[in-house]
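Welcome! Take a look at the sequence and the 3D model, and then try the exercises at your own pace.

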Amino acid sequence: MTDLINIAEISQSCNIVDPNDYVKDGLVHCHKCNTPKQVTLSFADITRTVYCICECEKAIRDNKVYEFSVQQEKENISRLQTVGIQDDAYRKWTFAMDDGQQPNMEIAHIYADCFMDDFFKTGSGFLFWGDVGRGKTFAAACIANQLIENSIPVMMTSFAKIVDEVFSIKDKAEYFREFSRYKLLVIDDLGAERDTDYAMEQVYKVIDDRYKNNLPMIVTTNLGVSELKKPKEIKYSRIYDRILEKCTPIEFRGKNYREEKRNDQMEWAKEKFRK
């Protein structure tokens with residue numbers, strides 16, 4: 001049975017009480033969800049009635065906490081993408097954009113789905129190799145972006161970029177330590193970097209650090225596996241040997257996506273001029 005008292009008087013001393021609330025069994029109840037806004041607590045010989053939140057207020061609070069956590073997660077993912085994938089084009093490449101024409105995309109998808117449970121634990125990676133325009137970089141970027149969406153830190157860069165950056169950095173040791181903080185390192189276009197002794201030394205430092213710490217890598221290259229196994233110069237051997245030991249070679253064949261894109265652009269231009 002409801003106890004009739006002046007709720008307005010109570011609401012003056014506690015802002016969580018609405019004037020429309022009511023008292024039942026000696027406790028204030030919410031008029032919306034009909035759950036208590038008070039609870040009786042007993043400790044030793046002392047019994048006190050204190051205020052609490054009702055079910056509808058709890059739902060509002062939980063929703064705000066959820067919205068805040070979602071926003072925090074979005075900001076974290078955005079930060080990871082900005083830091084880890086510095087090329088704007090690569091950030092847009094996802095498995096949803098796959099046209100189904102490259103069979104190796106299924107392998108890439110499995111790698112991304114099972115990364116933390118399998119490949120990260122074993123330090124296993126891939127060497128995506130094949131002719132220009134076969135989708136190697138696209139597949140690697142799809143893996144990187146899916147992992148980042150799951151808040152897994154990934155760095156996607158190239159040795160050419162690393163060599164350019166480290167040349168002007170004072171604390172080179174700290175620069176190289178940064179790479180070990182990423183669970184996956186994606187190196188795009190192996191073989192396009194300068195082949196000076198200085199450049200090769202920087203490349204070796206990155207590869208050797210991942211190798212020693214059993215951290216996975218994905219490497220893309222236009223070089224053939226035979227070139228990697230038997231390089232023309234001995235200075236490449238210690239780099240390529242470590243890559244081949246940790247990265248399973250996957251050959252990318254099929255249509256040339258870049259050539260197809262160029263043809264589409266040419267056809268578009270022709271149509272424009274005809275008009």
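Below are five exercises on this predicted model, each with a worked solution.

**Exercise 1. The sheet**

Find the order of the five strands in the open sheet, and name the edge strands.

*Solution.*
Step 1: Read across the sheet, and the order is β7-β8-β9-β6-β10, with parallel pairing.
Step 2: Look for strands that pair on one side only; these are β7 (154–157) and β10 (247–252), the edge strands.
Step 3: Follow the turn from one strand to the next, where the twist averages 15°.

**Exercise 2. Strand β6 and its partners**

Work out how many bridges join β6 to β10 and how many join β6 to β9. Then decide whether the faces of β6 are covered or open.

*Solution.*
Step 1: On the β10 side, strand β6 (residues 125–130) runs parallel to its partner and is joined to it by six bridges. F126 stands opposite T248 there, and L127 stands opposite P249.
Step 2: On the β9 side, the two strands also run parallel, and four bridges join them. Here F126 has I218 as its bridge partner.
Step 3: Now check burial, which requires a relative accessible area under 20%. Six of the six residues of β6 are buried. G125, L127 and W129 lie on one side, while F126, F128 and G130 lie on the other, so to speak back to back, and both faces are covered.
Step 4: Add the helix that lies across this region: α11 (residues 237–246) crosses β6, β8 (184–190), β9 (217–221) and β10, and it runs at about 90° to β10.

**Exercise 3. Two packed helices**

Describe how α7 and α9 pack, and say what kinds of residues make up their contact.

*Solution.*
Step 1: Two numbers describe a pair of packed helices: the angle between their axes and the distance between the axes.
Step 2: For α7 (residues 159–167) and α9 (residues 197–212), the angle is about 105° and the axes are 10 Å apart. Angles of 65 to 115 degrees count as roughly perpendicular, and therefore α7 is roughly perpendicular to α9.
Step 3: List the residues that meet: F159, I162, V163, V166 and F167 come from α7, and Y198, A199, Q202, V203, V206 and I207 come from α9.
Step 4: Sort them by type, which gives 10 nonpolar, one polar and no charged.
Step 5: Zoom in on Q202 in α9. Q202 is buried, with a relative accessible area of 3%. Among residues over four places away in sequence, Q202 touches V163, V166 and F176.

**Exercise 4. A residue in a loop**

Where does N213 lie, and which backbone oxygen does its side chain reach?

*Solution.*
Step 1: N213 lies in the loop between α9 and β9.
Step 2: Its relative accessible area is 43%, so N213 is partly exposed.
Step 3: The N213 side chain reaches the backbone oxygen of D209 at 2.8 Å.
Step 4: Compare sequence with space: N213 and S180 are 33 residues apart in sequence, and their C-alpha atoms are 8.0 Å apart.

**Exercise 5. Positive phi**

What is the phi of S151, and what is the phi of D189?

*Solution.*
Step 1: Recall that most residues other than glycine have a negative phi.
Step 2: S151 is not a glycine, yet its phi is positive, about 65°. S151 lies in the loop between α6 (136–149) and β7, and at 24% relative accessibility it counts as partly exposed.
Step 3: D189, also not a glycine, has a positive phi of about 65°. D189 is found in strand β8, and is partly exposed with a relative accessible area of 32%.

Technical notes:
Residues are numbered from 1 along each chain as its sequence is written. This is a predicted model: local features need pLDDT of at least 70, side-chain atom pairs count only at pLDDT 80 or more; totals for chains, interfaces and linings use all residues. Side-chain values use heavy atoms; hydrogens and water are left out. Axes are lines fitted to C-alpha atoms, for helices over the stretch in contact, and angles run from 0 to 180 degrees between N-to-C directions. Angles under 35 degrees count as roughly parallel, over 145 as roughly antiparallel, 65 to 115 as roughly perpendicular and the rest as oblique. Contact means heavy atoms within 4.5 Å. Ala, Val, Leu, Ile, Met, Phe, Trp, Tyr, Cys and Pro count as nonpolar, Asp, Glu, Lys and Arg as charged, and the others, Gly among them, as polar. Two strands pair if DSSP finds at least two bridges between them. Buried means under 20% relative accessible area, exposed over 50%, partly exposed in between (1.4 Å probe, protein chains only). A polar contact is a pair of N or O atoms within 3.5 Å; within protein, one must be able to donate a hydrogen and the other to accept it, and residues adjacent in sequence count only if both atoms are side-chain atoms.
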